[in-house]
Amino acid sequence: MLKNPCPLPSFPLLLVAHQLVEHLNLWRLLPDLQSAYRAHHSTETAVLRVMSDILDALDRGDFAVLTLLDLSAAFDTVDHTTLLRRLQITYGITDTALVWFASYLHERKLSVWYRGSCSTTASLLRGVPQRSVLGPILSLLYTADLLGLIEGMDLHPHLYADNTQIYGFCAPDEVSALQQHI
């Protein structure tokens, strides 16, 4: 029997992702304005929250400015040392679990399985796999401080996976200042 040179993600990764999300939910470590990776926080809740806030502002006679960011390229730039430090300090992941994440990130290899063929293997020195069960969650934890930066500028953020909505409101005569701010 031939061994598949490009295996599909293993079941243990699903378990790790599930346990990580359980830990984050139990300790309320996911940002309130993050609508992915937990129950009752879907694309719909993200859209409804942003739309409701904008419609409320328009009803008050204010102007609203919305900027949409797709941070999918951020998956490729995640620094493993920084991510591991954040997992430990910010999210309380220590001991065996932290060693496991370090092992998962260390000397990662990438290959693509397409139409029965597997590409050559390449080494990844940084980044997290975007289309894996863990990649999006790890990327979110890596970039979670973005929320505080946005809120610190008196703007409103909302995250969904690797997408960020940034919006703000102002009186009609202050639109150009708000645009510059965003």
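## Fold and cores of a predicted model

Among contacts between residues at least 6 apart in sequence, 65% join residues at least 24 apart. The model is predicted.

**Architecture.** The protein has seven helices and seven strands. From the N terminus, the order is α-α-β-α-α-β-β-β-β-α-α-β-β-α. Along the principal axes, the C-alpha atoms fill a box of roughly 70 × 40 × 30 Å.

**Surface and charge.** Some whole-protein values follow.

| Property | Value |
|---|---|
| Buried residues | 35% of 182 residues |
| Exposed area | about 11,600 Å² |
| Carbon and sulfur supply | 58% of the exposed area |
| Positive side chains | 12 side chains |
| Negative side chains | 18 side chains |
| Distance between the two charge centres | 14 Å |

**Cores.** In soluble globular proteins, nonpolar side chains tend to be buried together. Here the largest nonpolar core holds 28 residues. Leu-20, Leu-87, Phe-101, Leu-134, Leu-138 and Leu-141 touch the most other members. Four helices each give two or more residues to this core: H1 (11–26), H3 (80–89), H4 (95–105) and H5 (135–143). H1 supplies the largest share, six residues.

Which residues does Leu-20 contact, leaving aside its neighbours within four places in sequence? The partners are Ile-93, Phe-101, Leu-134, Ile-137, Leu-138 and Leu-141. Leu-20 lies in H1 (11–26), while Phe-101 lies in H4 (95–105). Ile-137, Leu-138 and Leu-141 lie in H5 (135–143).

A second core is separate and has seven residues. Among them are Val-65, Leu-155, Ile-166 and Val-175.

Note on methods. Residues are numbered from 1 along each chain as its sequence is written. This is a predicted model: local features need pLDDT of at least 70, side-chain atom pairs count only at pLDDT 80 or more; totals for chains, interfaces and linings use all residues. Side-chain values use heavy atoms; hydrogens and water are left out. Buried means under 20% relative accessible area, exposed over 50%, partly exposed in between (1.4 Å probe, protein chains only). Contact means heavy atoms within 4.5 Å. Accessible areas come from the Shrake-Rupley method with a 1.4 Å probe; for residues, only the protein chains shown count as cover. Lys and Arg count as positive and Asp and Glu as negative; His and the chain ends are not counted. The place of a charge is taken as NZ of Lys, CZ of Arg, CG of Asp or CD of Glu. A nonpolar core is a set of buried Ala, Val, Leu, Ile, Met, Phe, Trp, Tyr and Cys residues joined through side-chain atoms within 4.5 Å.
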